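Me: Please take a close look at one part of the fold below, strand by strand, and then set that part in its surroundings. Give the cut-offs for each term as you go.

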Amino acid sequence: RPDRIELKLDKSSYAIGETAKLTVKSPFKGKALITISKDKVITSKVIELADPTQEIPLTIEEEWQPNAYCTVTVIRPVDPNEDWVAYRAFGIIPLSIDNSNHKLSINVSSPASSGPKDKVKVDIEVRNAQGQPQEAEVSLALVDEGILRLTNFKTPDPFDFFYGKRG
């Protein structure tokens, strides 16, 4: 399509401080507005797209966590003497940030089974990504395993919930 920009990154995920190589394949040359956003615009810049295909370096910033989107809009001057063709094009691509340094490991020590009205001692140990003890607030729910099987319950992954790709 003449109004679509193909965007490609050199890697699937980046660490803070790394430089992402964004390849822009536009249907034409022109001014390119490059925007990095999440729930708000984080940064934007305008460059001259000298060739329809160009590589643009993007330094990954901490503010982009957990993930961000890069949009590129290219606009070229309208020539009144030519047949109508697209004068603007747009593309968007997700920028995945490696958030593994935020992942916590949780170890729960408890009896293998218990009955109704039993008092149960549970030890919970939380460690950060470097393996060091980490202070944390946890929520613990005790549910009958049979009920979980009846509802086909899948334990949610809190890391994916908080650090996963957002639309």
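Reply:
**The four-stranded sheet**

Four strands make up an open sheet in the order β4-β3-β6-β7, and their pairing is antiparallel. Strands here are DSSP runs of E with at least two residues, helices are runs of H or I with at least four, and both are numbered from the N terminus. Two strands count as paired if DSSP finds at least two bridges between them. The model is predicted: local features need pLDDT of at least 70 and side-chain atom pairs count only at pLDDT 80 or more, whereas totals for chains, interfaces and linings use all residues. Residues are numbered from 1 along each chain as its sequence is written, and side-chain values use heavy atoms, with hydrogens and water left out.

β4 and β7 are the edge strands of this sheet, each pairing on one side only. On average, neighbouring strands are turned by 15° against each other, direction ignored; axes are lines fitted to C-alpha atoms, for helices over the stretch in contact, and angles run from 0 to 180 degrees between N-to-C directions.

Strand β3 covers residues 30-37, and 6 of its 8 residues are buried. Buried means under 20% relative accessible area, exposed means over 50%, and partly exposed lies in between, with a 1.4 Å probe and protein chains only. On one side β3 pairs with β4 (residues 41-49) in the antiparallel sense, over 8 bridges. The two strands form a hairpin with 3 residues between them. Within this pair, alanine 32 stands opposite isoleucine 47 of β4, and leucine 33 stands opposite valine 46. In a regular strand the side chains alternate between the two faces of the sheet. β3 is also joined to β6 (residues 67-75), by 7 bridges and again antiparallel; here isoleucine 36 faces cysteine 70.

A second open sheet has 3 strands in the order β1-β2-β5, with antiparallel pairing. Its edge strands are β1 (6-9) and β5 (53-59), each paired on one side only, and its neighbouring strands are turned by 25° against each other on average, direction ignored. β1 and β2 (residues 19-25) share 4 bridges, and leucine 9 stands opposite leucine 22 of β2.

Strands of both sheets contribute to the largest nonpolar core. A nonpolar core is a set of buried Ala, Val, Leu, Ile, Met, Phe, Trp, Tyr and Cys residues joined through side-chain atoms within 4.5 Å. This one has 26 residues, of which Leu22, Leu58, Trp64, Cys70 and Val72 touch the most other members. β1, β2, β3, β4, β5, β6 and β7 (88-96) each supply at least two residues, and β6 gives the most, with 4. Tryptophan 64 lies in the loop between β5 and β6 and counts as buried because its relative accessibility is 4%. Its C-alpha atom is 14 Å from that of isoleucine 34, 30 residues apart along the chain.

On the surface, Leu104, Ile106, Val108, Ile124, Val138, Leu140 and Leu142 form a nonpolar patch with about 670 Å² of accessible area together. Areas come from the Shrake-Rupley method with a 1.4 Å probe, and for residues only the protein chains shown count as cover. Patch residues have over 30% relative accessible area and no salt bridge; like charges are joined within 9 Å, and nonpolar side chains (Val, Leu, Ile, Met, Phe, Trp, Tyr) within 5 Å. A salt bridge is a side-chain nitrogen of Lys or Arg within 4 Å of a carboxyl oxygen of Asp or Glu. Isoleucine 124, in strand β9 (residues 123-127), is partly exposed, with a relative accessible area of 35%.
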